Every structure is written in C-alpha cells, then in structure tokens.
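I opened my notebook beside the viewer today and kept short entries as I went along. Here is what I looked up, in the order I looked.

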Amino acid sequence: VSDSADWDIKTNWTIECWSYLENLTGDKVYLSQVEDNSNGWYFRHTSGGALGCNFFGTYGYWGISTDAGVLLLNTWQHVALTKSGNDYTLWVDGLSVATETSSNIDTYSAELWIGRANRSPAQEFAGYIDDVRISDVVRTMSTVNATGTALGTTNVPSSAVTDVSGVMLLKNEEGTATLGTDVKAYFTADNSNWTEADSYAD
C-alpha cells in the first residue's frame, strides 16, 4: 500500500487485524513499514507462537514481545498493538498479553506491506489476514474477544440501553459454513462484554 501519513506512529496508535495461522515456522510478518535496514517497524509472530512488534530508527532498535504460545495454529485470532503515549500493549483476542514503555518514535517514508516484511519473501505470512486497521486512537480491545458466552438471562440488561453493537464472525475460507461453528453472531450492550447469540451457539 502506498506511503501515507496515515501509517505514521502517533501519540495514540493502534494496529490490528484478524489472523489465521497455518504455519508457525520462523518469524513471519502481519504488517510492516520498512524504509531501509535502519528505519521501520514490523508487526510479527515468531516460530514459538509469540506476538511482537519491532521498531528501528534514529534511536536504534527496540521491540515488544509476548511469551511463546499465545498464538494458535488453524484458529482465527484477533491480534493488536496499542500505543497510549509511551505505553505499548500487545493484545490477543481482547486480552493484554505484554506491555512495554518507550519514548522512541520516528516516522518513515515507505510503503505499508501486509503479510510480509517490505519486499522480502523470507518472512512472508503463512495463512490468512483479514480486517487490517491502523488508527490514530487507542482502540478498546475488550470488545473483540471472539470466544463469547452463550446468551442467557445473566446477559440480559436490566434497563434499556442505546450503546448496542454487533458483529458476524465468519471462520471458514472454503465457501461453506455451519451456523454455530463457522458463523457466529456476537452482540454487546456496554462495549465491554460480547455475548454470542443463542441462535448461533454451538
């Protein structure tokens, strides 16, 4: 994707996507903006199933990473990095999995690459990537948990609410799907707890 100021790292910043990993061999990249060998960033995973983001520029090099095993094979997961001031947080399915603090920041004149590190095929992503989003705000990650809970009386609000959201999750790349397994519907009335509609429950 052509270079744009929209990709610049801001004071408040979020990068996120849904991913389906088919191979965890070697380091692979979700998103990257790399100007040259000394300037850029890449959002990636490692061979051990860790999620991370690395930055390099006039300040040198630094990164944030999770422990191994937070990422799963053959499973749709939501992965994200948020930046609030100097505080960075990695997220998997709406859960905070790593934090770091750094004041280092640069902007880069380079294309945004999805699924690889710049033009190098060595770190090409193996699987599927969907719903890529880069924002100049800190997104609330608790609303993206894809697990959900079965709809029941405990999930019904006691009074009328106006802040209602919904999402349909399609988890089948073959063109066929089973309700409750590959297609799920989720709703939230308070932007914090997603509830799976019982008509789509397993």
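**Entry 1: confidence**

How many contacts beyond four places in sequence does the model have for residues 170-182, where pLDDT stays under 50? I found 21 for that stretch. This is a predicted model, and I checked residues 198-202 as well: pLDDT stays under 50 there too, with 13 contacts beyond four places in sequence. For the protein chain as a whole I noted an average pLDDT of 75, and 67% of the residues score at least 70.

**Entry 2: the overall make-up**

I went looking for helices and came back with zero, against 13 strands. Reading from the N terminus, I therefore wrote down β thirteen times over, since strands are the elements that DSSP runs gave here. The chain has 202 residues, and 43% of them are buried. Among contacts with a separation of 6 or more, 57% join residues 24 or more positions apart. The accessible surface came to about 10,200 Å², with carbon and sulfur atoms holding 47% of that.

**Entry 3: a five-stranded sheet**

Next I traced an open sheet of five strands, and its order is E5-E4-E3-E2-E9 with antiparallel pairing. The edges are strand E5 (60-65) and strand E9 (113-114); each has a single partner strand, so one side of each has no neighbour in the sheet.

I then zoomed in on one pair. Strand E2 (residues 28-36) runs antiparallel to strand E3 (residues 39-45), and seven bridges link them. Which residue of E3 stands opposite Val-29? I found Arg-44 there.

**Entry 4: the cores**

I counted 27 residues in the largest nonpolar core, where Ile-15, Tyr-30, Trp-41, Phe-43, Phe-55 and Leu-81 touch the most other members. At least two residues each come from strand E1 (12-21), E2, E3, strand E4 (51-57), E5, strand E6 (76-84) and strand E7 (87-92). E1 gives the largest share of this core, four residues.

There is also a second, separate core of five residues, including Val-29, Val-34, Tyr-42 and Phe-56. I was pleased to meet Val-29 again, having just seen this residue opposite Arg-44.

**Entry 5: cysteines**

Are Cys-17 and Cys-53 buried or exposed? Cys-17 has 0% relative accessibility, so I put this residue down as buried. Cys-53 also sits at 0% relative accessibility and therefore counts as buried. Last, I looked for disulfides, taking a pair of cysteine sulfur atoms within 2.5 Å as the rule, and the count was zero.

Notes: Residues are numbered from 1 along each chain as its sequence is written. This is a predicted model: local features need pLDDT of at least 70, side-chain atom pairs count only at pLDDT 80 or more; totals for chains, interfaces and linings use all residues. Side-chain values use heavy atoms; hydrogens and water are left out. Buried means under 20% relative accessible area, exposed over 50%, partly exposed in between (1.4 Å probe, protein chains only). pLDDT is the predictor's confidence in each residue, from 0 to 100. Contact means heavy atoms within 4.5 Å. Accessible areas come from the Shrake-Rupley method with a 1.4 Å probe; for residues, only the protein chains shown count as cover. Two strands pair if DSSP finds at least two bridges between them. A nonpolar core is a set of buried Ala, Val, Leu, Ile, Met, Phe, Trp, Tyr and Cys residues joined through side-chain atoms within 4.5 Å.
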